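Dear colleague,

I am passing on to you the structure we spoke about, together with some notes on what was found in it. Please look through the sequence and the model first, and then read on.

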Protein chains: 4
Amino acid sequence: MATRVAVAGASGYAGGEVLRLLLGHPGVEIGALTANSSAGRRLGELQPHLLPLADRVLEPTTTEVLTGHDVVFLALPHGQSAAVAEELGEEVLVIDCGADFRLREAAAWERFYGTPHAGTWPYGLPELPGARDALRGARRIAVPGCYPTAVSLALAPAHAAGLVEPEAVIVAASGTSGGGKALKPHLLGSEVMGSMSPYGVGGVHRHTPEIVQNLSAAAGEPVTVSFTPTLAPMPRGILATCTAKARPGVTADALRETYEKATAGEPYYHLLPEGRWPSTAAVLGSNAVQLQTALDEDAGRVLVIAAVDNLTKGTAGGAVQSMNIALGLPEETGLSAVGIAP
Amino acid sequence: MATRVAVAGASGYAGGEVLRLLLGHPGVEIGALTANSSAGRRLGELQPHLLPLADRVLEPTTTEVLTGHDVVFLALPHGQSAAVAEELGEEVLVIDCGADFRLREAAAWERFYGTPHAGTWPYGLPELPGARDALRGARRIAVPGCYPTAVSLALAPAHAAGLVEPEAVIVAASGTSGGGKALKPHLLGSEVMGSMSPYGVGGVHRHTPEIVQNLSAAAGEPVTVSFTPTLAPMPRGILATCTAKARPGVTADALRETYEKATAGEPYYHLLPEGRWPSTAAVLGSNAVQLQTALDEDAGRVLVIAAVDNLTKGTAGGAVQSMNIALGLPEETGLSAVGIAP
Amino acid sequence: MATRVAVAGASGYAGGEVLRLLLGHPGVEIGALTANSSAGRRLGELQPHLLPLADRVLEPTTTEVLTGHDVVFLALPHGQSAAVAEELGEEVLVIDCGADFRLREAAAWERFYGTPHAGTWPYGLPELPGARDALRGARRIAVPGCYPTAVSLALAPAHAAGLVEPEAVIVAASGTSGGGKALKPHLLGSEVMGSMSPYGVGGVHRHTPEIVQNLSAAAGEPVTVSFTPTLAPMPRGILATCTAKARPGVTADALRETYEKATAGEPYYHLLPEGRWPSTAAVLGSNAVQLQTALDEDAGRVLVIAAVDNLTKGTAGGAVQSMNIALGLPEETGLSAVGIAP
Amino acid sequence: MATRVAVAGASGYAGGEVLRLLLGHPGVEIGALTANSSAGRRLGELQPHLLPLADRVLEPTTTEVLTGHDVVFLALPHGQSAAVAEELGEEVLVIDCGADFRLREAAAWERFYGTPHAGTWPYGLPELPGARDALRGARRIAVPGCYPTAVSLALAPAHAAGLVEPEAVIVAASGTSGGGKALKPHLLGSEVMGSMSPYGVGGVHRHTPEIVQNLSAAAGEPVTVSFTPTLAPMPRGILATCTAKARPGVTADALRETYEKATAGEPYYHLLPEGRWPSTAAVLGSNAVQLQTALDEDAGRVLVIAAVDNLTKGTAGGAVQSMNIALGLPEETGLSAVGIAP
């Protein structure tokens, strides 16, 4: 019998991408689709690319509407997931694409979000050590942020292997869909096309504590993180340039071997052959993360560059991958490592 | 047993898109991949989005290499398909993504291509009246051009129903992948980003006679066509704005009904609800064509606007769809009506 | 003594472009800058490219603030110009970048705008026959719409010379700045990048009656116009593909000669050499309109393609050019025919 | 009497931008325009935005052609400038937009370029301490690289003031025109649109030693530099995110004051008000560099972000600014701090 799935927040970019993937997932049946201000409208008006669901009417995001599904994806603004999840039974698999349950430390949450901490759920980044096991059978999953997905998969192996000092300097470029569908002047096409600009500079971006958490866990000691996100003139994709000070004696070969081991057997975590570099185009619409490493001996730094699609592996793909693991389905069901290029 | 498929011209955009779709097609096994100047290189260097095939080595495009497959896709420069096809057995399904076998009239071919006409194969646009039947069991298929796909599906119903005079004025915008991967100055990113420009103006574009052929067949009389292609700053997609003079008495309702009938039951041929217009973003990577119609009473003209992905429905998707029909597989196998947006 | 200039609506794209040009105009002094909801903010927050004016504070759009200038540019939402202009003295040069005073026929205004007609001012498209004379000494000027600028300069000569039937089919692609800075979902970067889409299809776009007016004046008889605007993934630029049925006996040479005459001696109205086609990139930020013509003998149609920058020649450049003429300054002061490319 | 200027390499992007600026420079007369493979063609075919020079015929780059000018701009491939400059008289002002004369240390040149070092010319970045004086009356000028322009202006003040340790981690995004007009597959529009990708990772980009030279000069001690360039989907612009470890006790106020002093009185070197961040759109086509600073106390790092137009301030604008200084003209002649936005 098909798994019955609801999506709360189906009008936004994250919810739309969850639905795009579910439409290609053979084991699920798409149930209720909910929204807030768009409730009552047809999905086709808001997500014209989801043709098979065009006539579906968006319902309000209520417990009543969401009850009766095996899986509920939450793609809601930060701070709204806890209340919804609480009303759903413990046997329901709730997968939160928002930030509410990602952080382990309440203090970090409160500092960056300014509200009480809701809790911590198993973390939907299966490629991190131990994460896949924690997801099996889970009924609550916190999907990582898009930047933390790229950055953690880029640097965690180097930190875990002790190749680098406990610090990281990260500059990442994201497509505009990372900013969501909200009507903000700086997200207008006229403003973003032909332009690169930074935002959340100086450690204030809300993904910073999540990156710190993941890299510190990998390193086994606190890692300081300088993280600068930039907005790039493209709808999708993250390119994360991640560097850390190399520990004495580290070689390019040792670096490469570390990443070969980390990615071995992984369906979506891919170290490129030497001489080739990731691009966001190559992972568009796919669940793959493409990586390459370098050792800059003059600067004494390790570099790892990662490309992901912020909406797929960075959000909805990671969510579906985690769902598959939680439900005991083959992990790759409904997902692809193949990008849409050019 | 899986159908064994070869792709000749696997290094280009059309060949790459055929492979992207075949990677998601459950009934095929991907055999030989060939190229010309890139023979000997690994596919991963040229098509970094096709991760599962990254280590495949491109072979030269020879009869020897292509022999032994059930299906051979040809994604070669114009004029090269006949020689290759001749050497392949009659039982092999040969699907030509090039122009060589699209035109019925030798004179039209010779005028626009300047070489002897190679012949005419069943035409891979199943949505045209009669086309699907001609494809069943076929062993040679000519895949339509990307512009003719969009334009013919836009205007053929109006001509067939006698709603319009036997003339058409068409302006279409295409993404740059329509120009292929050849290194031409006007296709450089620095030149195309932020810019719209026309090309092949005045009826000289090689897709013109194919459009004339399709619309004339639909109308049952010769249709004169003014076709202007333009290059848009996007990698993929065609938006075709198609107009023709309305015959007296035509109403918007009659127009809409005509298209409702033409698209009824079709998996990829989609008339949008009133009030919504096609966009290329909504069909990115999908096999869908999205349509909308209008009657401009002041101007006395019918308008039909179509959006397709030039590489998917406009080339590789149409090719795979035709393959499915020819082989007796379910027509939608390995194809999707869902686009990648935003 | 410098001409003292105010700009009402300085926070928007049209107002910003007027200011960009005025900053390079040696004969003017920039006075009051006004806005509606942004009054009280510094210009640097809203127009970060206008560095020399970054600290200017936007004032409310009131008669009091605007009084005391020699020239007032109005870049206001449609329908607001009449009330403002009325309060300014007759000796003040008022240049309206909005639509209010463009149309001659009240019925056309009312049909497309749904409000009472405010009147008709001298039309700021100096390249049209007679227009330059009407602008000399004028104290009220209606700046043409961006599409009508491109389309009228493309087709008026052919209609005036009787080369074509009194009909026109026009498809134009515009950058997103044509849609203004208003926060509309379809103007988000995530929606427009990588996408082409039509809007205002079927003769309902408000620039249609203005095009009809200009072409009919040129033809000396009513011209029917099919006009389809499309939104292109670029911030600026209009590419207008304009066609009309050729009258019997028209030759390509006659067509070219007509445009050589029409553009002779014009500083910004430029017919390209044969074999070259306009692109919006080549006119970015410039006041030039680049044109090329073709005769499609098979289709029996004349084609004229025009490229303009919608904000420069299509709005603010045309406005400054008209100001120069009205004030008796050299017409090219502060303007350039040189684009910013690539 | 007008200064007579020649441009060698007028067919490329750097040469085209030099010409764009010279066309707006009141004190110069544009003389010979030369090219290599494009010699004999009209400029209009290659630089369609430079309308006033469209009929100029490109001549071969020979001493004969270049002799007889007061100023010669060289926009040639690396390694060709020395031979050309040698043949021009010492009284001729030769301004090299290439790399040949930028580096002071022969060893650095040889390591990164693999050819013998041609020498060192006065460095055309007037905003660096001492640089303006060295340019006055100079007859040979080395224009900085585009990345070193942005990065040096971003970090030199912090290093000079001792606010940071002698190290820097820099990630910069550049528009594709930085890669020139050469026909390379990765610069095709189909490849770059919608994509971010790194290149020259690990300290191998040729601008690295130039950055090291400038920052070390500012710091008064050797600075180690980790520099990662990335290619962004836009034609122009560089956004450089530059960080260095803060020295103990550094405050955000001290940091800001340092930059206020460094930029005081400078026409193009601009520190934005607090709370606003640079964007490449805001400097498009302008000679401005826009900066903002931050102190990340958690990470213990200073951040300075700079936006420039790689072709204007990053190449041709810096060249013209340096020319003005060398010739004793007002430094701002023919240049603007106003960008073209949106």
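Two residues are said to be in contact when they have heavy atoms within 4.5 Å of each other. Please keep in mind throughout that this is a predicted model.

With that meaning of contact, 40 residues of chain A are in contact with 40 residues of chain D. Between them, chain A and chain D bury about 3100 Å², and 66% of this area lies on carbon and sulfur atoms. The rule finds two salt bridges across the interface of chain A and chain D, and in a salt bridge at 2.6 Å, N to O, the side chain of A:Arg111 meets that of D:Asp298. Ten residue pairs, both residues at pLDDT 80 or more, are counted in polar contact between chain A and chain D. On the side of chain A that touches chain D, the elements giving two or more residues include the strands β7 (167-174), β9 (224-231) and β10 (238-245) as well as the helix α8 (189-192). Of the elements on that side, β9(A) gives the most, with five residues, and the residues of the side divide into 19 nonpolar, 14 polar and seven charged.

The interface of chain C and chain B can be described in the same order. Here 40 residues of chain C are in contact with 40 residues of chain B, and the area buried between the two chains is about 3100 Å², of which carbon and sulfur atoms give 66%. Two salt bridges are found by the rule across this interface, and the side chains of B:Asp298 and C:Arg111 meet in a salt bridge at 2.6 Å, N to O. The largest share of the side of chain C that touches chain B comes from β9(C), which gives five residues.

One residue within chain C may also be worth a look. C:Arg256 lies in helix α10 (residues 252-263) of chain C, and C:Arg256 counts as buried because its relative accessible area of 12% is under the 20% cut-off. Leaving aside neighbours within four places in sequence, C:Arg256 is in contact with C:Leu271, C:Leu272, C:Pro273, C:Glu274, C:Gln292 and C:Thr293.

Finally, a word on the record: an unreviewed UniProt entry carries the annotation "domain: Semialdehyde dehydrogenase NAD-binding" for residues 4-136 of chain A. Over these residues the chain is 29% helix and 17% strand, with the end C-alpha atoms 19 Å apart.

With best wishes

Technical notes. Residues are numbered from 1 along each chain as its sequence is written. Chains are lettered from A and ligands numbered from 1 in the order in which they are written. This is a predicted model: local features need pLDDT of at least 70, side-chain atom pairs count only at pLDDT 80 or more; totals for chains, interfaces and linings use all residues. Side-chain values use heavy atoms; hydrogens and water are left out. UniProt positions are given in the numbering used here, feature names are shortened, and annotations may be inferred rather than shown by experiment. Helices (H or I, at least four residues) and strands (E, at least two) are DSSP runs, numbered from the N terminus. Buried area is the accessible area (1.4 Å probe) that two parts lose on being put together, summed over both. A salt bridge is a side-chain nitrogen of Lys or Arg within 4 Å of a carboxyl oxygen of Asp or Glu. A polar contact is a pair of N or O atoms within 3.5 Å; within protein, one must be able to donate a hydrogen and the other to accept it, and residues adjacent in sequence count only if both atoms are side-chain atoms. Ala, Val, Leu, Ile, Met, Phe, Trp, Tyr, Cys and Pro count as nonpolar, Asp, Glu, Lys and Arg as charged, and the others, Gly among them, as polar. Buried means under 20% relative accessible area, exposed over 50%, partly exposed in between (1.4 Å probe, protein chains only).
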